[in-house]
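Me: I'd like a close look at one part of this model. Could you walk me through the aromatic rings?

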Amino acid sequence: MVNARHAFLELGFYAPLAQKITDIITSLKPFSQTILDAGTGTGFYIGYISDKRKPYKDLFLGTDISKNAVKIAEEIGGKALHLDQLYSCIALSDVVISCT
């Protein structure tokens, strides 16, 4: 199931949506950001956004409940964590992530 979803997303049908999300992020915050993708799945969106925002040198973090999806996200170059890893290794109290 996860592999099929990954293959479907790679066909580009959701690229216009990913581009719109990238445009919104850039218009609201046109400088380096820490971007959290909760429910990142295979990392399609953060992968797309990170490619388009390379000059900004953003920090991307994806989390997901599916260990298999997280493995795919990591393979394509993202920093993704299974939810139980997130809680055990990241102190979010020192980080503020804007929800705007």
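Reply: Here is a walk through the rings, one group at a time. Keep in mind that this is a predicted model.

A handy thing to know before you look: two aromatic rings are described by how far apart their centres are and by the angle between their planes. Going by that sort of check, the model has four aromatic pairs. One of them is Phe-8 with Phe-13, with centres 5.2 Å apart and 20° between the planes, and this pair is stacked. Why stacked? Planes under 30 degrees apart get that label, so 20° fits.

Now stay on Phe-8 and turn to Tyr-14. Here the ring centres are 6.1 Å apart and the planes sit at 70°, so this pair is edge-to-face. Put the two pairs together and you get one aromatic cluster made of Phe-8, Phe-13 and Tyr-14.

Are these rings buried or exposed? Phe-8 is partly exposed, with 37% relative accessible area. Tyr-14 is partly exposed too, at 37%. Phe-13 comes out at 55%, and because anything over 50% counts as exposed, Phe-13 gets that label.

Another ring to find is Tyr-56. Arg-53 lies over its face, 4.1 Å from the ring centre.

Finally, look at helix H3, which covers residues 44-52. Its buried residues include some aromatic names: Phe-44, Tyr-45 and Tyr-48 are on the list, along with Ile-46 and Ile-49. As for what covers these buried residues of H3, the cover includes helix H1 (2-10) and helix H2 (15-28), plus strand S1 (34-38) and strand S2 (59-64).

Definitions and conventions. Residues numbered from 1 in each chain as written. Predicted model: local features only at pLDDT ≥ 70, side-chain atom pairs only at ≥ 80, totals over all residues. Heavy atoms only, no water. Phe/Tyr/Trp six-rings, centres within 6.5 Å; stacked < 30°, edge-to-face > 60°. Buried < 20%, exposed > 50% of the residue type's maximum accessible area, 1.4 Å probe, protein only. Lys NZ or Arg CZ within 6 Å of the ring centre and 35° of its normal. Helix = DSSP H or I, 4+ residues; strand = E, 2+ residues; numbered from the N terminus. Contact = heavy atoms within 4.5 Å.
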